[in-house]
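Thanks for sharing this one; here are a few friendly notes to read alongside the model.

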Amino acid sequence: MNGYFRLNISQAGTAVELIPPTDDGAPIDVNEIAAYLQQKRIRQFDIKAIYTAIQTLQDQPVVVPILPTPVYTEQEMMAVTVSPDKMTATARFYAPSTGGSVMGKEEILKDLTYQRIRMGIDEAAIDEFLAKREYCKDIVIARGKPPRHGTDARIEYFFNTDLNARPERKEDGSVDFFNLNTINHCKAGDLLAKLHPEDPGQEGYSVFGEVEKPRRVKRMVLKYGLKIDVSPDKTELRSQINGHVMLAGGKVFVSDVYEVENVGTATGNVNAEGSVVVAGNVQTGFSVTATGDIEVKGVVEGANLTAGGNIIIAMGVNGMNRGKLTAGGSVVAKFIENTEVEAGTFVEADSIMHSRVNAKNEIKVDGRKGFIAGGMVRATSLISCRVLGSAMGADTVVEVGVDPAMKIRFQELQKEMLEMQKKRTVIQTTLTGAAEKIKAGVKLPPEQMKYVQSLMQAAKQIDEKLAEDDEELMDIEDLLQNKNEACVKVRDTAYPGTKIVIGDDSTIVKKEMSYCRFQYDQGDVRVMSY
């Protein structure tokens, strides 16, 4: 049992009686005595005398006089401390003075209610204290219920979804553009994707009865195109046909593969639902459009290629300043020259010359030649090459980091969500009031019931929109972290005159450099070792 104290009151005066601990009980804390006396408005006492008595306390109680006059008797007292997370209430009982009364269970429960502690009260702990009163000892008297946090929804795909899969490199360091193996074949009935729904978790409560909500979880739905069967519970996707499956923009597509020898006067423009494989070349002035991938085993000259998935050009592309490649996924080509390129993921080439190339993730030009010369090349996280710029002074700009449009969209989303949350709060107040009336037996007029139903529908739409915006906001937050990590790597030589832009900051290469990395650091674009 812990050591404890009590007031000893008599006609001769007031004293503090010190009762020593037994067995392995904790000793008396002089600071606890001082705090107790202050609370009881006893402010004139010799704390040193009490401290000395505690230090010399052995097996028998010791009485330390503190006042020459008696004070009012004090009943047994309970002090309650609530943890910062409001999940635990700890009681500490203090002995009554001589002549003082003890607390009963009803009084303890009433005192807890007065202190607003109403949930998770441990009556067994109270009963145990009443059966064996131990003072100056912490007793957990109430426990809240922490919320059970749920898990985000996730989608399991049963085909290769790695949009960053790279072409293989040969022993000499060159890229094997002929064996890319980027097409995922599927058969009718194949399971393509499975949705594992979110677990919303479970609400908890504090000892004060406050609802503790679990953290928000991410909801997901399966997105899919034509020629796909979806299960009745919307959790599985299966192919209807033998063909090719791909993931683009979070959406599963299944399509046939359209094959053609060359694209030119004999075929005209090609517009296909699915993927297109061109065994030869795409000639000047023609276009190829596909909802899936486009693979060209020859060259592309002055043509436009638009793919929902990847674009692969084994021999390279010369846009002749009018050709454009637009891919929802990656763009891989032996060379890119005088061409505009927009890639949803990454771009990989052996060389890029006088082109405007944008990639959502990264651009790698690390082949045997590996140079970027002329034009503007932009990626969110990484641009990597062997040679950057030109000894001939071709205007070359490379840019990595945060997309300015993303910043604007981030702010718009925050403002939009704040307005929706305000509107949702107003609606919820009205719905709560209506629910309380109905619970009390009040029959609402038909017009009012119709209005309440419309509010419920509006609340549902707002919740769905908030969830959608929250998902987009999290995606943008991930992108906004890229500025500090984004960099431009140059394995061999960076030539003077090349402009490096990272986010809102930029620098111009003043002298020829080798094996260097350009990265944002402490407010500047700095040159570091490779």
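1. Which backbone nitrogen does a side-chain oxygen of D46 reach at the start of α2? That of K48, to within 3.1 Å. Helices here are DSSP runs of H or I with at least four residues, strands are runs of E with at least two, and both are numbered from the N terminus.

2. A word on the basis: this is a predicted model, in which local features need pLDDT of at least 70, side-chain atom pairs count only at pLDDT 80 or more, and totals for chains, interfaces and linings use all residues. Residues are numbered from 1 along each chain as its sequence is written, and side-chain values use heavy atoms, with hydrogens and water left out.

3. Helix α2 (residues 47-56) buries I50, A53 and I54 (buried: under 20% relative accessible area, 1.4 Å probe, protein chains only). Seen down the axis of α2, these buried residues fall within an arc of 100° (taken from the directions from the helix axis to the C-beta atoms), so they line one face of the helix. Their cover includes β2 (13-19), α1 (30-39) and β3 (62-67), with contact meaning heavy atoms within 4.5 Å.

4. On the other side of α2, K48, Q55 and T56 are exposed (over 50% relative accessible area).

5. Do look at the largest pocket, too. Its lining has 49 residues, and K218, R219, E471, E472 and D475 lie nearest the centre. A lining residue has an atom within 4 Å of a point of the pocket; the pocket is an open set on a 1 Å grid over the protein atoms alone, where a 1.4 Å probe fits, with protein on both sides within 12 Å along at least five of seven lines. Helix α6 gives the most to this lining, with 13 residues.

Notes: A polar contact is a pair of N or O atoms within 3.5 Å; within protein, one must be able to donate a hydrogen and the other to accept it, and residues adjacent in sequence count only if both atoms are side-chain atoms.
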